[in-house]
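User: I should like to learn how to read local features in a protein model. Could we work through one example together?

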Amino acid sequence: MNYDSVISRTVAQIPPSGIRKFFDVVATMPGAISLGVGEPDFVTPNHIRESAIRSIRSGETHYSSNWGLIELRRAINRYQEQRFGISYNPDNEIIVTVGASEGIDLALRCVIEPGDEVLVPEPSYVSYQPVVTLSGGVAVPVPTCEEKCFKIDKETVSSLITKKTKAIILPYPNNPTGAIMTREELTEIADAIRDHDIIAISDEIYCELTYGGLTHTAFASIPGMWERTVTLNGFSKAFAMTGWRMGYLCAPKELAAMMCKIHQYTALCAPIMGQHAALAALEDGFNDDFADVTHMRKIYDQRRRIMVEGFRSMGFTVFEPLGAFYSFPNISSLGYSSEEFATRLLKSQLVVTVPGTAFGKSGEGYVRCCYATSTDLIFEALDRMQNFVNAEKTAGA
């Protein structure tokens with residue numbers, strides 16, 4: 001059969017994930033160290049795992065409401081209120097999703113008509129542009145640069161808004177750069193959004209992972225933004241729950257109702273045992289001031305400083321990441337493209353990084369390195385990378 005005649009051209013033309021390309025190689029290379037996939041190396045805390053086990057043993061194995069367990073939605077609202085000063089009605093403004101990734105899909109499909117434009121900061125998470133395309137929209141890159149700390153600004157955003165612009169994605173703290181935006185900077189972006197009457201889709205999955213005494217600002221907490229913001233979040237990064245696929249979105253009831261309509265015809269509901277685990281993560285967190293999250297963030301911070309110092313000692317310039325758990329060194333001084341650097345490093349030293357171009361054209365000249373791995377492996381990876389850099393410099397001398 002000629003499958004080219006039946007496969008959607010839209011799907012066929014979307015490239016595979018640049019992250020997974022290198023990750024899949026690791027399984028075939030004994031001794032390789034992966035700084036590739038953005039996943040905590042911590043096991044989900046035991047009390048969270050136990051809550052899921054209890055739910056299974058008690059026979060709670062059925063569907064939940066399409067919206068998710070009401071107890072979990074109430075806990076999510078409490079979390080958003082206490083941590084970020086925003087509030088939603090648990091009955092009709094919060095949806096529990098299959099990871100924050102499903103939230104991205106729901107938000108875009110809810111608002112995009114064919115040909116609508118969505119502003120997507122670049123570099124940023126690999127899923128945004130493909131999901132815009134799958135929704136029938138057109139992704140318009142908003143380039144950022146190291147010199148401006150990989151942040152978008154009002155002037156650039158305003159210059160890219162047209163009559164076709166429907167939404168903007170706000171991916172802060174940012175994957176892959178580690179950039180964050182302050183309340184003052186977000187307020188300027190809010191002015192542009194208000195002026196042009198567009199929707200903000202704020203992906204705040206790394207909200208708990210900020211460093212240097214800085215704290216996250218929820219975009220919906222900016223005056224005038226609550227009613228035009230879809231807030232995406234989840235449990236994967238802060239609570240080390242990637243495999244559970246537990247996320248959620250918060251939005252005004254008019255938008256939430258439409259997103260839930262899509263959700264009920266596709267995912268129907270998130271796994272019930274995972275919802276009980278997520279509920280335990282929040283309820284226990286309220287009781288102990290999120291001690292697990294604080295512990296993991298402290299260790300990430302130590303690793304962050306080790307990695308940044310390591311790259312600088314190699315002679316690379318590297319923006320200091322203030323959020324998430326990635327470093328994004330500028331490797332262009334060696335004369336290789338991002339893809340070439342990552343490929344040569346892997347073959348020579350068995351260290352996996354992700355080419356910056358996986359996150360958009362603005363990522364050329366950089367590689368993403370995840371420090372959500374053990375300190376010993378980070379030191380070993382840095383030693384191997386130093387050997388690679390020394391060999392390349394010697395060969396070029």
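Analyst: The discussion below takes up a helix, some backbone geometry, salt bridges and a surface patch. Please bear in mind that this is a predicted model.

User: Let us begin with helix α3. How many residues does helix α3 have, and what does it reach from its first C-alpha to its last?

Analyst: A helix can be checked against the span expected at 1.5 Å a residue. Helix α3 covers residues 46–57, which is 12 residues, and reaches 16 Å, close to the 16 Å expected.

User: Which residues of α3 are buried?

Analyst: Buried here stands for under 20% relative accessible area. In α3 the buried residues are Ile48, Ser51, Ala52 and Ser55. Viewed down the axis of α3, these buried residues fall within an arc of 95 degrees, so they line one face of the helix.

User: Which exposed residues does the face turned away from the buried side of α3 carry?

Analyst: That face carries Arg54 and Arg57, both exposed. As for the buried residues of α3, what covers them includes α10, residues 272–288.

User: What follows α3, and what is the sign of its phi?

Analyst: Gly59 follows α3, and its phi is positive, near 85 degrees.

User: Which residues have a positive phi although they are not glycines?

Analyst: For such a residue it is useful to record the phi value, the place in the chain and the accessibility. Cys149 is one such case, with a positive phi of about 60 degrees although it is not a glycine. Cys149 sits in the loop between β4 (138–143) and α7 (154–160). With a relative accessibility of 32%, Cys149 counts as partly exposed. Ala324 also has a positive phi of about 60 degrees without being a glycine. The loop between β9 (317–318) and β10 (326–327) holds Ala324.

User: Is Ala324 buried or exposed?

Analyst: Ala324 is buried, its relative accessible area being 0%.

User: My next topic is the peptide bond. Where are the cis peptide bonds, and what is omega in each?

Analyst: The quantity to read is omega, together with the pair of residues that the bond joins. From Glu122 to Pro123 the peptide bond is cis, with omega near 5 degrees. Pro123 lies in the loop between β3 (117–122) and α6 (128–134). Tyr172 and Pro173 are likewise joined by a cis peptide bond, where omega is about -5 degrees. Pro173 is placed in the loop between β5 (165–170) and α8 (183–196).

User: How many salt bridges are there?

Analyst: The rule asks for a side-chain nitrogen of Lys or Arg within 4 Å of a carboxyl oxygen of Asp or Glu. By this rule the count comes to 12 salt bridges.

User: Which residues are linked with Arg304 in a network of salt bridges?

Analyst: The network links Asp301, Arg304, Arg305 and Glu320. A network is best read pair by pair. Arg304 forms a salt bridge with Asp301, and the closest N and O atoms are 2.8 Å apart. Arg304 and Asp301 are 3 residues apart in helix α11 (residues 291–313), so about one helical turn separates them. Asp301 is buried at a relative accessible area of 18%. Arg304, at 4% relative accessibility, is buried as well. Arg304 also meets the side chain of Glu320 in a salt bridge, with 2.8 Å from N to O. This pair links distant parts of the chain, 16 residues apart: Glu320 is in the loop between β9 and β10, and Arg304 is in helix α11. Glu320 counts as partly exposed at 36% relative accessibility.

User: What separates Arg384 and Glu380 along helix α13?

Analyst: Both residues lie in helix α13 (residues 375–396), 4 residues apart, which is about one turn of the helix. Arg384 and Glu380 form a salt bridge whose closest N and O atoms are 2.9 Å apart. Arg384 is buried, at 17% relative accessibility, whereas Glu380 is partly exposed, with a relative accessible area of 34%.

User: Finally, which residues form the nonpolar patch on the surface?

Analyst: A residue enters a patch only with over 30% relative accessible area and no salt bridge. The nonpolar patch consists of Met1, Tyr3, Val6, Ile7, Val11 and Leu134, with about 650 Å² of accessible area together. Among them, Ile7 is placed in the segment before α1 (9–13). Ile7 is partly exposed, at a relative accessible area of 44%.

How values were computed:
Residues are numbered from 1 along each chain as its sequence is written. This is a predicted model: local features need pLDDT of at least 70, side-chain atom pairs count only at pLDDT 80 or more; totals for chains, interfaces and linings use all residues. Side-chain values use heavy atoms; hydrogens and water are left out. Patches are made of residues with over 30% relative accessible area and no salt bridge: like charges are joined within 9 Å, nonpolar side chains (Val, Leu, Ile, Met, Phe, Trp, Tyr) within 5 Å. Accessible areas come from the Shrake-Rupley method with a 1.4 Å probe; for residues, only the protein chains shown count as cover. Helices (H or I, at least four residues) and strands (E, at least two) are DSSP runs, numbered from the N terminus. Buried means under 20% relative accessible area, exposed over 50%, partly exposed in between (1.4 Å probe, protein chains only). The expected span of a helix is 1.5 Å times one less than its number of residues. The arc is that of the directions from the helix axis to the C-beta atoms. Contact means heavy atoms within 4.5 Å.
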